[in-house]
Amino acid sequence: MKKVVVLFSIICIVFALCLSNAYAAKPVTSEAGKCSDGIDNDKDGKIDCADSDCTGDAACALNPHATLLYSDYPANCQSCHATQFNEMAATNHYKWTGSAPENINQSGTPQGKLTNSLNSYCINILGDWPACGACHVGRGKRPDDPTATLANIDCLVCHNESYATQRVRLSDGSMGVPTPSDSMVRDITKPTRTVCLKCHAYAGGGDAKKRGDLSAATITNADPNFDVHMNTTGPNLACQACHKFQNHKVIGKGSDLRVTDDLTRGSEVECSTCHTNFDSGTGHAAAGVRDTTGDRHVFRVACQSCHIPTYAKVATETHRDWRIKHDGRDATTCTSTNPCPGHPHTDMVANLIPVYRFWNRLSDSYLLGDPASRTYDSSKGTYPTSTPLGDITSGKLTPFKYKTAAQPLGTGAKCNDKLIALDTFVYLKGTGNVLDAVASGLTNMGCSGESYTWITTDTYQMINHGVNPAASVAPCSQCHGDMRANLDTTSDSMLDKMGYKLKGPQSQVCGQCHSPKTPRSHESMHGHLNKGTKGIGCYFCHNVARPERGKCDPCDPACVAEYVDTTPFPHVCPSPAY
């Protein structure tokens, strides 16, 4: 009997071992959820696709990153993507410096926020890499640090949304997440709006502060009137649908961004890339648009001027004053024993009408160490940090955000007439005392202990986002005034001040063709464009020629007799070739 029991026990043990081996050899299927649940189900220290038990699992086969571990990051990325690491190291997103051919101020000098760019937000990075560098696509070191190898490139800040939204400056000075997970190196995607706007919407120290046309609300917005391109119920476009990347370099810049990332492709994002033929002068009519006035504007007016009637749909910064803290406290009263670190006072305003300027794609932007008086605007009493260039003869009418700031200007021997790179680390993270911050800034610039004064700077920033649906364009009155009311020729309108004023006294201009009449509306006056065989050209009445419209020119004797029947105006011929 004992032999039977022993034999039976042996048989049971063998059967159990065989059964165990059979189950161990059988891959855990994704259908059972064991290879994608993030749990170490068999307690062997390996999770999901990193576990050999999941060899052959369908979900693991589809994801080449499925076995990666965060502890091996970024070496595991570099092992396969060496080319991409080298590409990224050559981009402005990583270098924060580059060529700035469209900034007429020292256009041959490398420029960028890592070195010599200076603005009216956080001024300059001098002395404050820890705070300002938090949006850099590196893992903590400056890109010009000699110890910063390719391993300093942080792939995940663009390619994993969960990582990007949690990334902070860690206690050891590196950039990363407090609680990393293996999923961050396994779930790799193309950049999303969320990862782009994690930096670009919060530039300048807070949501929507800097750009005026970008905010965190853009990420999940479902209202076409907020942004027709990026609304989640419509096209739901990713940023790179317009800002196209090639070898990790991207095109697209505004007026106040000095650096161009890809000189081979230029810097401009063209609306006509998607909206083909709309810049031809006949595109609106060909598309069956009921109001085709856009066709006669496209050669001199940027698309954004009509299609973005207002900006700051989330309040944006219009003025900054470092002498006052964000809570209203006097920033000179903060001390080491009673510090008040934090942001300065800012005026935040929503639903603004843009300021319009003719822009020819060139700008004059201030660089660290420049004489501020070089571009002083006596009409406004301001020192510009970035000004779009162009006039009625050059460029297109373009919408801008206009912003001012109170900033320190050196008056001492070494830093005389130079904008001071106020040390924002002292201000934002240290004592918070503005006097300490300016003193540290002077020291950083080699002007320790020198005197300074406070001045007002101003900045123009191009508006590009927040496009309305096609039916919700800006009203004509936004630029032209009330076209239905009596035309007032005794005062200068916005467009008059930009170069569209009558070229002489009203009686003399009108007297070319008829006896003096009472001016009517702007709309009726421009009915002259359609009179006669060719229509009356702009240069009859203004110091502006628009030859692309094909109207009669007062310097063309073949057609002028059809219109001038009284006293010819003493036009300067030939007419300007604008």
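Helix and strand labels on this tour are DSSP runs, numbered from the N terminus: a helix is H or I with at least four residues, a strand is E with at least two. One thing to keep in mind while clicking around: this is a predicted model.

**Stop 1: a loop alanine**

Start by selecting Ala208, in the loop between helix H10 (193-200) and helix H11 (217-220). Check its backbone: phi is near 70°, a positive value in a residue other than glycine. Most residues other than glycine have a negative phi, and most peptide bonds are trans. Is Ala208 buried or exposed? Ala208 has a relative accessible area of 2%, so it counts as buried.

Now jump to Ala312, in the loop between helix H13 (303-307) and strand E5. Here too phi is positive, near 60°. Ala312 is buried, at 1% relative accessibility.

**Stop 2: two cis prolines**

Select Tyr73 and Pro74, which are joined by a cis peptide bond with omega about 5°. Pro74 belongs to the loop between helix H2 (58-62) and H3. For another cis bond, go to Cys573 and Pro574, where omega is about 0°. Pro574 is in the segment after helix H20 (557-560).

**Stop 3: helix H4**

Color helix H4, residues 82-89, and show the side chains of Phe85, Glu87 and Met88, its buried residues. Look down the helix axis: these buried residues fall within an arc of 160°, so they line one face of H4. Then bring up helix H3 (75-78) and helix H5 (92-95), which are among the elements covering them.

**Stop 4: the largest nonpolar core**

Next, show Leu419, Leu422, Tyr427 and Val434. Out of the 23 residues in the largest nonpolar core, these four touch the most other members. Helix H14 (424-429) and helix H15 (434-444) are the elements that give two or more residues to this core, and H15 gives the most, with four. Another core lies apart from this one; it has 17 residues, including Met88, Val137, Ala148 and Leu156. If Met88 looks familiar, that is the buried residue from H4.

Stay with Tyr427 for a moment. What does Tyr427 contact beyond its neighbours within four places in sequence? Its partners include Trp322, Ile324, Pro341, His343, Leu422, Val434 and Ala437. Lys325 is also in contact with Tyr427, and it lies over the face of the ring, 3.6 Å from the ring centre.

**Stop 5: down the axis of H15**

Select Val434, Ala437, Val438, Gly441 and Leu442, the buried residues of H15. Viewed along the axis of H15, they fall within an arc of 135°, so they line one face of the helix. An α-helix has 3.6 residues a turn, so residues three or four places apart point the same way. Turn on strand E5 (316-325), strand E10 (396-410), H14 and strand E11 (452-462) to see what the buried residues of H15 pack against.

The ends of H15 deserve a click too. Asn433 caps the N-terminal end, with a side-chain oxygen 2.7 Å from the backbone nitrogen of Leu435. Just after the helix, Gly446 takes a positive phi of about 80°.

**Stop 6: rings**

The model has 10 aromatic pairs. Pick Phe358 and Tyr500: this pair is tilted, 6.3 Å centre to centre with 45° between the planes. The pair links distant parts of the chain, since Phe358 is in strand E7 (residues 355-359) and Tyr500 is in helix H17 (residues 494-500), 142 residues apart. Phe358 is buried, at 3% relative accessible area, whereas Tyr500 is partly exposed, at 24%. Then try Tyr452 and Trp454, an edge-to-face pair with centres 6.4 Å apart and 75° between the planes. Tyr452 is partly exposed at 27% relative accessibility, and Trp454 is partly exposed at 23%.

For a ring cluster, select Trp359, Phe400, Tyr402 and Tyr460, which are linked by ring pairs. Then add Val355, a residue of strand E7. Val355 touches Thr398, Pro399, Phe400, Tyr402 and Tyr460, leaving out residues up to four places away in sequence. Val355 and Thr398 are 43 residues apart in sequence, and their C-alpha atoms are 8.3 Å apart. Val355 is partly exposed, at 33% relative accessibility.

**Last stop: Lys503**

Finish at Tyr539, where the charged end of Lys503 sits over the ring, 3.4 Å from its centre.

Key: Residues are numbered from 1 along each chain as its sequence is written. Side-chain values use heavy atoms; hydrogens and water are left out. A nonpolar core is a set of buried Ala, Val, Leu, Ile, Met, Phe, Trp, Tyr and Cys residues joined through side-chain atoms within 4.5 Å. Buried means under 20% relative accessible area, exposed over 50%, partly exposed in between (1.4 Å probe, protein chains only). Contact means heavy atoms within 4.5 Å. The arc is that of the directions from the helix axis to the C-beta atoms. A polar contact is a pair of N or O atoms within 3.5 Å; within protein, one must be able to donate a hydrogen and the other to accept it, and residues adjacent in sequence count only if both atoms are side-chain atoms. Rings of Phe, Tyr and Trp (its six-membered ring) pair if their centres lie within 6.5 Å; planes under 30 degrees apart count as stacked, over 60 as edge-to-face and the rest as tilted. A charge sits over a ring if NZ of Lys or CZ of Arg is within 6 Å of the ring centre and within 35 degrees of the ring normal.
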